[in-house]
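Trainee: Could we take a close look at one part of this model and then work outwards from there? I'd like to see how one small piece connects to the rest.

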Amino acid sequence: MHMGFLDSSALALLLVIVVHCLLVPYTKVEESFNLQAIHDILVFKTDIGEYDHMDFPGVVPRSFLGAAIIAAVSSPFHLLKHACFPKAAMLTVVRLMLGSICWLAMCRIQQALRKQYGTTCAKAFMLVTAMQFHLPFYMSRTLPNTFALAVLGLAIADWIEGQHPRRLVSLLAVATIVFRCDMLPLAGLVGLHMLLTKQISIPAGLLTGAVAAAISLGMTVVVDSWFWQRWLWPEGEVLWFNTAQNRSGEWGTMPFHWYFTSALPRGLLGAYPLAVLGLLWEPRVRPHVLLVAVYVLLYSFLPHKEVRFLLPVLPVLNIASAAALARIWDNRLKQAWLLPGLAACLLILGSTCATSVMLTVSRHNYPGGHALHELHKWQASNGTGSKGPCSVHIDVLPAMTGVSRFGELGYPWTYSKEEDIPLEELCHRGFTHLLSTAPNVTGFAQVTGVAGYLGLQIPRSTQQLVKVIQAHGLPFSITLAPEVFILIKQASFM
């Protein structure tokens, strides 16, 4: 990929990714495995006994390969951390590294679109992606879906170009076997399309797929068995959990149509209707979009559904919307295209506004991370940080909403996420501080409460709208309430 990909639209997407990362720096429980793994690889290296997953393995194991790659590219900054920035800044560094890798994958797609569809469509793809919320937001978040997105982005580019079938098969194998086993139906559909369009023969496809699968499987089994201290194939266990045991529904279920009627509208925003127009106007995108639609349809049979599960395929639908925008732009001087052009502008504006709202709301979804930061700041400002060991107990909610090892300090601080301790026993367990969902705990005094997001209030009248804008500077108000409380042990219980 030559430096010609650095046009204004590509840089705009990179800027948006950085803004999302800086404005919402903390992470949630879904991202915790890979984030803690990156931290532990950087800090503890081969001392597996100190790794977070040894105490909190999660419901199913995940691969360390993605975390190891991010740790490797972030390691120069880790070596300079004491001279340049505090440890907490490494959280931003590792996220920006992942975001940059995903951005390069999007640039590779743009490069393929420039070759096959022209410059206008290539630029429109980047701009459409930048104006959405979910893709730029999650590109720097340490989810298995995000690692799969980085690999699948390269595969989508090869799929669009149709010139590197063996590489495409290999990338699909890596994405499926190492990062997301649920990519298997998509890999099968893409392989079928390649066979039908004679991009690859059956023997060549089977041989390439078998070799790539064997190498991918060998890498993940060898590397992850060492990290987990037992022989395993992480995505194989995930596949067994979700299909044979059908236990994914324990985390909530959604109706069959949810991906099409809720997830895709939120994930694509204004690009959703534009993708439909692209499907109608641009024959070249139809096979790709229709196969993705079939994949989403098959995926809908699983009861547990989340928007992030569709992240790796959203770029294909953005390609269709970009094709529609390119057609509108190329015909912008024709009177018959005035209405479609106006509609496209409104959809883009609506997407930008919706993204702004969702980003504003997301800033309040991580009270645990903010609470840990406030605790350290409060302790330092009160001059008590050097008077002895500080032992913090972290409740389940703060542990799930932003607390990570990147936010922890060294001596004299220690941290515990031990679960199921009765509130009345906390004062007898040697903890000096609590991050708790309980505002009052025997033996502890409340310092403050950190607010979390409860809901969004939309004014129902012009008068209310004026008042809300005057009060908040926005045409809506966010309802917040204390969710995580910072407590310090009372002297009488020391």
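Which residue follows helix 13, and is its phi positive or negative?

Mentor: Keep in mind that this is a predicted model. The residue right after helix 13 is Leu-269, and its phi is positive, near 55°. Now step back into the helix itself, which runs over 258–268. Its buried residues are Trp-258, Tyr-259, Ser-262, Ala-263, Leu-264, Gly-267 and Leu-268. There's a handy rule for reading a list like that: an α-helix has 3.6 residues a turn, so residues three or four places apart point the same way. Try it with Tyr-259 and Ser-262, or with Ala-263 and Gly-267, which are all on the buried list.

What do those buried residues pack against? They have four helices as partners: helix 7, helix 14 (271–281), helix 15 (286–299) and helix 16 (314–330).

Helix 13 also takes part in a pocket. The second largest pocket holds about 540 Å³ of space. It's lined by 21 residues, and Phe-133, His-134, Tyr-138, Arg-266 and Asn-365 sit closest to its centre. Helix 13 is one of the elements that give two or more residues to this lining, along with helix 2, helix 7 (134–138) and helix 17 (338–362). Sorted by class, the lining comes out as 10 nonpolar, three polar and eight charged residues.

Helix 2 leads us on to the largest pocket, where it gives the most to the lining, with six residues. That pocket has about 1100 Å³ of space. Its lining counts 39 residues, and nearest the centre are Val-29, Glu-30, Gly-58, Val-59 and Trp-251. Helix 2 (29–43), helix 8 (144–161), helix 12 (234–244) and helix 19 (396–400) each bring at least two residues. By class, you get 20 nonpolar, eight polar and 11 charged residues.

Two of those helices have a backbone oddity in a loop beside them. In the loop between helix 11 (202–228) and helix 12 sits Gln-229, which isn't a glycine but has a positive phi, near 65°. In the loop between helix 19 and strand 2 (413–416) you'll find Pro-412, joined to Tyr-411 by a cis peptide bond with omega at about 10°.

On the other side of strand 2, the loop that leads to strand 3 (433–436) contains Asp-420. Asp-420 is another residue with a positive phi without being a glycine, this time about 65°. Asp-420 counts as exposed because its relative accessibility is 76%, and the cut-off for exposed is over 50%.

Strand 2 belongs to an open sheet of five strands, in the order 2-1-3-5-4, with mixed pairing. Strand 2 and strand 4 (444–457) are at the edges; each has a single partner strand, so one side of each has no neighbour in the sheet. From one strand to the next, the twist averages 20°. As background, strands of a sheet pair through backbone hydrogen bonds, either parallel or antiparallel. Strand 4 and strand 5 (477–489) pair in the antiparallel sense, over 12 bridges, and Gln-446 stands opposite Leu-487 of strand 5. Helix 18 (367–381) packs on this sheet, touching strand 1 (390–394), strand 2, strand 3, strand 4 and strand 5, and its direction makes about 45° with that of strand 5.

Definitions and conventions:
Residues numbered from 1 in each chain as written. Predicted model: local features only at pLDDT ≥ 70, side-chain atom pairs only at ≥ 80, totals over all residues. Heavy atoms only, no water. 1 Å grid on protein atoms, 1.4 Å probe; cavity = no way out; pocket = protein on both sides within 12 Å on 5 of 7 lines; lining within 4 Å. Points joined across faces, edges and corners; volume = space filled by probe spheres on them. Nonpolar A, V, L, I, M, F, W, Y, C, P; charged D, E, K, R; others polar. Buried < 20%, exposed > 50% of the residue type's maximum accessible area, 1.4 Å probe, protein only. Pairing = 2+ DSSP bridges. Axes fitted to C-alpha atoms, helices over the stretch in contact; angles between N-to-C directions. Contact = heavy atoms within 4.5 Å.
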